[in-house]
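Colleague: Could you walk me through this chain? I have some questions ready.

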Amino acid sequence: MPIEDEDRPRKKITHEIGQDLSLLSVEELTERIALLNAEVERLKEAMTRKRASKDAANAFFKP
């Protein structure tokens, strides 16, 4: 029994900065944009948490 395309595990989308984009379809480019936008949001959230932690430490240790 052949494996249907939908049943096959999907390859995890990855993106390397500067890679050749000429072989990617519009759908693949759209998926990568979504992936990168999600990563930007994750980075912003991490930065916000770190700033809050730093600000709390500064407030605690200020003379």
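What follows is a short exchange of questions and answers.

Colleague: Glad to be looking at this with you; how many helices and strands are there in the chain?

Modeller: Keep in mind that this is a predicted model. Helix α1 takes in residues 26–61. The full count for the chain is 1 helix and 0 strands.

Colleague: What radius of gyration does the chain have, set against a compact globule of 63 residues?

Modeller: The C-alpha trace spans about 70 × 30 × 15 Å along its principal axes. A compact globule of 63 residues would come out near 11 Å, whereas the chain has a radius of gyration of 20 Å.

Colleague: And what share of the 63 residues counts as buried?

Modeller: The chain exposes about 6,400 Å², with carbon and sulfur atoms supplying 59% of that area. To count as buried, a residue needs a relative accessible area under 20%. Of the 63 residues, the share that does is 3%.

Colleague: Let's turn to the helix: is Val40 buried, partly exposed or exposed?

Modeller: Val40 sits in helix α1. Its C-alpha atom is separated by 21 Å from that of Lys54, 14 residues away along the chain. Because a value between 20% and 50% falls in the middle class, Val40, with a relative accessible area of 39%, is partly exposed.

Colleague: Now the charges: which residue forms a salt bridge with Arg42?

Modeller: The chain has 12 positive and 13 negative side chains, and the structure holds 2 salt bridges. For Arg42, the partner lies in helix α1 too, 3 residues apart, about one turn of the helix. That partner is partly exposed at 31% relative accessibility. With the closest N and O atoms 2.8 Å apart, the residue is Glu39.

Colleague: What is the N to O distance in the salt bridge of Glu41 and Lys44?

Modeller: Glu41 and Lys44 both lie in helix α1, 3 residues apart. Glu41 is partly exposed at 40% relative accessibility, and so is Lys44 at 44%. A salt bridge needs the nitrogen within 4 Å of a carboxyl oxygen, and the N to O distance here is 4.0 Å.

Colleague: Last one, on the rings: how is the aromatic pair of Phe60 and Phe61 arranged?

Modeller: A search of the whole structure finds 1 aromatic pair. Its ring centres are 4.8 Å apart, with 90 degrees between the planes. Phe60 is exposed at 66% relative accessible area, and Phe61 is exposed at 64%. Planes over 60 degrees apart count as edge-to-face, so the arrangement of Phe60 and Phe61 is edge-to-face.

Notes
Residues numbered from 1 in each chain as written. Predicted model: local features only at pLDDT ≥ 70, side-chain atom pairs only at ≥ 80, totals over all residues. Heavy atoms only, no water. Helix = DSSP H or I, 4+ residues; strand = E, 2+ residues; numbered from the N terminus. Rg over C-alpha atoms; globule rule 2.2 N^0.38 Å. Buried < 20%, exposed > 50% of the residue type's maximum accessible area, 1.4 Å probe, protein only. Areas by Shrake-Rupley, 256 points an atom, 1.4 Å probe, with all protein chains shown as cover. Lys, Arg positive; Asp, Glu negative; His and termini not counted. Charge placed at Lys NZ, Arg CZ, Asp CG, Glu CD. Phe/Tyr/Trp six-rings, centres within 6.5 Å; stacked < 30°, edge-to-face > 60°. Salt bridge = Lys/Arg side-chain N within 4 Å of Asp/Glu carboxyl O.
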